[in-house]
Amino acid sequence: MYEAIVLDLGGVVVDFDPRSFLMERLCNESRENQVFDLVFGSKLWQELDAGLITRAEANRQIMEQAREQGLAFETQAILDDWPQMLHTRRRTVELMKQLKKQGYALYFLSNIAPDTLDMIKERDFWRLFTGGLASCEVQINKPDPRIYQEFLRRTGLSSDSIVFVDDNKANVQAAFEQGIAGIHYKGYNSFVKALGACGIHLKEPLVSRSPKE
C-alpha cells in the first residue's frame, strides 16, 4: 500500500531534546525555562528553521535579550554547545536500512536551519534518503499545510502512498489533514509497532550495538 516513509530529522533520526539538554547543563528549573524561551522556544528559532534569519543575527538578538534578563553566561553556553545533542539514533538508522532493503523509499521532511541541515548531511545515513524537503528551503515550517503540499509537489508522491513520522503531534495531525498517514514518534519500540499497524513489517530482526534510539 505504502511506497515511502517520510521522516522528521530532529527527534527521530537524530537526538533533539532541548529540555533534557538544558536540565543537564543548568540544573535549575527556573533558569532552564528562561533559557528555553530565549533560545529553542523563541520566534527567532522558528525564523532560523524557516531560513528567514542567519545564525549570527539570531544569536546576536538572543544574547541581547539574555543580557537584559541577566542570563548572558548561561545562554551563551547553550548557543555554543547545543549541536552536541544531535547524536545519530543508531537503531533508527538500522531500521531505515531495513526498510530500504525491503523496497521502501526514504524521504525527510524537517524544520531545520540551513547550517544544521549542512551538518546533518555529513552523516553516513544521509545517503539512505531518496530526497526530501527542509523548512529553510521554502521558508515554511511544519505544521503549516503548505509545506506538506510542497513536499508532495517536489517529490511527485501521492498523499496516500506515504507514511509520515514526526515526534511532534501537531505536525503529524497537520499531515493527516492533508490525507497523509502519520506516526507520532514516541520511541523506537512504539515506532516499530506503529509501522506494523500500517502494514509495514520488518522481515529481519534488528540488532543494535548502541542504546541510542
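A crossing of two helices is called right-handed if the near helix is turned clockwise from the far one by less than a right angle, and left-handed if the turn is anticlockwise. In this predicted model, helix 1 passes helix 2 in such a right-handed crossing, and the account below starts from that pair of helices before moving to the core and to single residues.

**Helix packing**

Helix 1, which covers residues 18-26, packs against helix 2, residues 29-38, at an angle of about 130°, and their axes lie 9 Å apart. Because angles of 115 to 145 degrees fall outside the parallel, antiparallel and perpendicular ranges, helix 1 is oblique to helix 2. On the side of helix 1 the contact is made by Pro-18, Arg-19, Leu-22, Met-23 and Leu-26, while helix 2 contributes Arg-31, Glu-32, Asn-33, Val-35 and Phe-36. Sorted by class, this contact holds six nonpolar, one polar and three charged residues.

Helix 2 also packs against helix 5, residues 72-81, at an angle of about 60° and with the axes 10 Å apart, which makes helix 2 oblique to helix 5. The crossing of helix 2 and helix 5 is right-handed. Here Arg-31, Val-35 and Leu-38 of helix 2 meet Glu-74, Thr-75 and Ile-78 of helix 5, and by class the contact has three nonpolar, one polar and two charged residues.

Gln-34 is another residue of helix 2, and with a relative accessibility of 31% Gln-34 counts as partly exposed. Apart from neighbours within four places in sequence, Gln-34 is in contact with Gln-69 and Leu-71. The C-alpha atoms of Gln-34 and Thr-75 are separated by 9.3 Å, although these residues stand 41 residues apart along the chain.

**The nonpolar cores**

The largest nonpolar core has 56 residues, and the members that touch the most others are Ile-5, Leu-7, Leu-9, Phe-40, Phe-125, Phe-129 and Val-165. Beyond its neighbours within four places in sequence, Ile-5 is in contact with Leu-99, Tyr-104, Ala-105, Leu-106, Tyr-107, Val-163, Val-165 and Ile-200. A second core, separate from this one, consists of 17 residues, among them Val-6, Leu-133, Tyr-148 and Leu-157.

**A buried aspartate**

Asp-8 is found in the loop between strand 1, residues 4-7, and helix 1. Its relative accessibility is 5%, so Asp-8 counts as buried, the cut-off being under 20%. When residues up to four places away in sequence are not counted, Asp-8 touches Val-13, Leu-109, Ser-110, Asn-111, Lys-142, Val-165, Asp-166 and Asp-167. The C-alpha atoms of Asp-8 and Gln-46, which are 38 residues apart along the chain, are separated by 16 Å.

**Backbone features**

Most residues other than glycine have a negative phi, and most peptide bonds are trans. Against that background, the peptide bond from Lys-142 to Pro-143 is cis, with omega near 10°, and Pro-143 is placed in the loop between helix 8 (135-138) and helix 9 (145-155). Two residues that are not glycine have a positive phi, and the table sets out their values.

| Residue | Phi | Loop | Relative accessible area |
|---|---|---|---|
| Cys-27 | near 50° | between helix 1 and helix 2 | 62%, exposed |
| Gln-139 | about 60° | between helix 8 and helix 9 | 48%, partly exposed |

Methods. Residues numbered from 1 in each chain as written. Predicted model: local features only at pLDDT ≥ 70, side-chain atom pairs only at ≥ 80, totals over all residues. Heavy atoms only, no water. Core = buried A, V, L, I, M, F, W, Y, C linked by side-chain atoms within 4.5 Å. Buried < 20%, exposed > 50% of the residue type's maximum accessible area, 1.4 Å probe, protein only. Contact = heavy atoms within 4.5 Å. Axes fitted to C-alpha atoms, helices over the stretch in contact; angles between N-to-C directions. Helix = DSSP H or I, 4+ residues; strand = E, 2+ residues; numbered from the N terminus. Parallel < 35°, antiparallel > 145°, perpendicular 65-115°, else oblique. Nonpolar A, V, L, I, M, F, W, Y, C, P; charged D, E, K, R; others polar.
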